[in-house]
Amino acid sequence: MLTWPSPQIPALPGRGLPIRVRDTSTGELAVAAPGPTASVYVCGITPYDATHLGHAATYVAFDLLVRGWRDAGLDVRYASNVTDIDDPLLERATATGVEWRDLAIEQTALFTEDMTALGVVPPDVFKGAVETIPDVVPAVAQMLAAGAAYRVPLEPGAGGSAPGLGDVYADLSADPSFGAVAGLERTQMLALFGERGGDPDRAGKRDPLDSLLWRRERPGEPAWDGGVLGTGRPGWHIECAVIARDGLGLPFDVQGGGVDLRFPHHEMSTSHARMLDGGLGARIHVHAGMVGLHGEKMSKSLGNLVLISVLRAGGEDPMAIRLAILAHHYASDWEWTDADLPAARARLDRWRSAVSGNGGPDAAETLAAIRTAIADDLDAPAALTAVDRWADLALAGAPTGWDLHDGDLEGAPGVISRAINALLGVRL
C-alpha cells in the first residue's frame, strides 16, 4: 500500500530532548525510546468513511512524537495499517451499494490526502490487512501448532469447501500476561469486548474474551486462501500484531492510538504478539483522548462527525485545523466547538505576521521552551503558548535578537518559523 508524501522538515540549531510519555499500563511518565533508535506503531483506519477530527487528533499527536524523536537525533521507524477488510467496511459497502474494494480504495485515498494536507509525517511501513494475509496465515498456524489457538465449529453453510475447519480463536489462557495493557477488571473487559467488535457470546469458545484470529468463509463474503486454516479472512487484532512484528520487530517502543483502542484492540494485539514472539510487544502504550461534538464522542457509528475533507473543501487552511487540534493536550478528552477554528485562524495569522518581519526577540529561549513542552508528554498547548509569547513580543516591537549557528547569523523569525514547522508541523 502506498503511503502519502513526506513533508519537508527543516533543520534546527541544537538538539531536542528525550521525550517522556504517559504509559497507559502504569499511568506513569516514561522515556518513549531510550535511543539511538525509536519505533512506533499507530493503529490506522478502517476505510468505510472519511477522516474525522478524532482520527486527525490521534495522528497529529503521534506526529509530534515522531518529529520530537527526529529532533532529538533518533533513527525513527514508524508503522501503521489500514484495515481494508472488516465487518464495518462490508456493512457500509452493502448499505451504500458500493463494491467493498472500491469503497476501501476511495476512503484510503481520502485519508492520505487529509494526512498530507495536515502535514503528518507518513509511516515507513503502511500496510493493508488484505496485503498482509500471506503473513497472517502462517502466524495463526504457528499459534495453532503451539496450542495458543483453537478452532470453533461453524454454523451450517459456512466454510466453503472445507466446513470442517472452524474459525480460529486465540486461547488467552496461554498468555499469563493478558490484561496487563489496560489493567481492567474482567467485568469491564467483557462489557467493552462486546461493545467494541468482540463476540463474547459466540458458542464454542473456551473463554468469552478469546478473540478471532481467522474467520472462515461465509456465503457472500470475500475470502482468501488460508492454507491449513481454510478459506477466510484475518481478525482485526492479529493483523496489527503481524504488521508491527514484521515492520518494526519485537519488542518495539510505543504502540499508539485512540483511547478506545486500549481494550480490546491493543490488549489483544499485544497478547498475540507475545504468543508469536515469546516476549514483548510494545514497551509502552500511549493513548489519545476522545474528541466530542454536541456532548457525544465523535464517531462514525453516531454520525456526529466533523470531517477534515469537508473543512478543506470549504476553504479552511489545513494549518488552522492542525493548530485547532494542537490547542488541546493529546491525552485529554475534549469537545469541538464553533470557537475552535476562529481561534486557530487568529493564532495562525498572528504567527505569520510575527515571522514576516526582519527581526524579533531572541529565538533561543522560545526554541528551548517548545522542545521542553514536546519532551513533557507531548504538551502541545504549552508549546503554542511559548510561540504566542514570542509572537506578541515581536509584534510589539521588542528588540531584535540573533542566534549563532554553524558560524552564520540567523534572524530570530527564521529560527522560530522553522521550529514551528519542524516540531509542531505548522507551515507558516
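Helices α1 (53–71) and α9 (318–326) each put at least two residues into the lining of the largest cavity; helices here are DSSP runs of H or I with at least four residues, strands are runs of E with at least two, and both are numbered from the N terminus. The model is a predicted one, so local features need pLDDT of at least 70 and side-chain atom pairs count only at pLDDT 80 or more, while totals for chains, interfaces and linings use all residues. Residue numbers start from 1 along each chain as its sequence is written, and side-chain values rest on heavy atoms, with hydrogens and water left out.

Back to that cavity. A cavity, on a 1 Å grid over the protein atoms alone, is a set of points where a 1.4 Å probe fits but cannot get out; a pocket is an open set with protein on both sides within 12 Å along at least five of seven lines, and a lining residue has an atom within 4 Å of a point. Volumes are the space filled by probe spheres set on the points, with grid points joined across faces, edges and corners. The structure has four cavities of 30 Å³ or more, and the largest holds about 100 Å³ of space. Its lining counts 16 residues, with Ala57, Ala61, Ile325, His328 and Tyr330 the closest to the centre. The top contributor to this lining is α1, with five residues. Sorted by class, the lining of the largest cavity comes out as 12 nonpolar, four polar and no charged residues; the nonpolar class is Ala, Val, Leu, Ile, Met, Phe, Trp, Tyr, Cys and Pro, the charged class is Asp, Glu, Lys and Arg, and the others, Gly among them, are polar.

The second largest cavity holds about 60 Å³. Helix α6 (236–248), strand β10 (252–258) and helix α7 (262–277) each supply at least two of its lining residues. Among the residues on this lining are Cys240, Ala244, Leu250, Phe252, Ser269 and Ala273. Charged residues are missing here too: the lining of the second largest cavity has seven nonpolar, four polar and no charged residues.

Two cis peptide bonds turn up in this part of the chain. One runs from Leu250 to Pro251, with omega near -5 degrees, and Pro251 is found in the loop between α6 and β10. Leu250 itself is one of the residues lining the second largest cavity. The other cis bond joins Phe263 and Pro264, with omega about 10 degrees; Pro264 lies in helix α7.

As for pockets, the second largest has about 270 Å³ of space. Its lining has 14 residues, and Met1, Asp84, Ala104, Ile105 and Thr108 lie nearest the centre. Helices α3 (100–117) and α4 (129–145) each give at least two residues to this lining, with the largest share, seven residues, coming from α3. Charge does show up on this one: the residues of the lining of the second largest pocket split into eight nonpolar, three polar and three charged.

Arg233 deserves a look of its own. This arginine lies in strand β9 (residues 232–234) and is buried, with a relative accessible area of 3%; buried means under 20% relative accessible area, exposed means over 50%, and partly exposed is in between (1.4 Å probe, protein chains only). The side chains of Arg233 and Glu221 are joined by a polar contact of 3.1 Å. Such a contact is a pair of N or O atoms within 3.5 Å; within protein, one must be able to donate a hydrogen and the other to accept it, and residues adjacent in sequence count only if both atoms are side-chain atoms. Leaving out residues up to four places away in sequence, Arg233 touches residues including Asp86, Asp87, Trp214, Arg215 and Trp224, where contact means heavy atoms within 4.5 Å.

Strand β3 (residues 37–42) has five of its six residues buried, so the strand is largely enclosed by the rest of the structure. Six bridges link β3 to β4 (residues 75–82), and the two strands run parallel; pairing requires at least two DSSP bridges between strands. Ser39 stands opposite Arg77 in β4.

Finally, some backbone oddities. Asp377, a residue other than glycine, has a positive phi near 60 degrees, and Leu378 likewise has a positive phi, near 55 degrees. Asp377 lies in the loop between α11 (364–375) and α12 (380–395), as does Leu378. Asp377 counts as buried at 7% relative accessibility, and Leu378 counts as buried at 2%.
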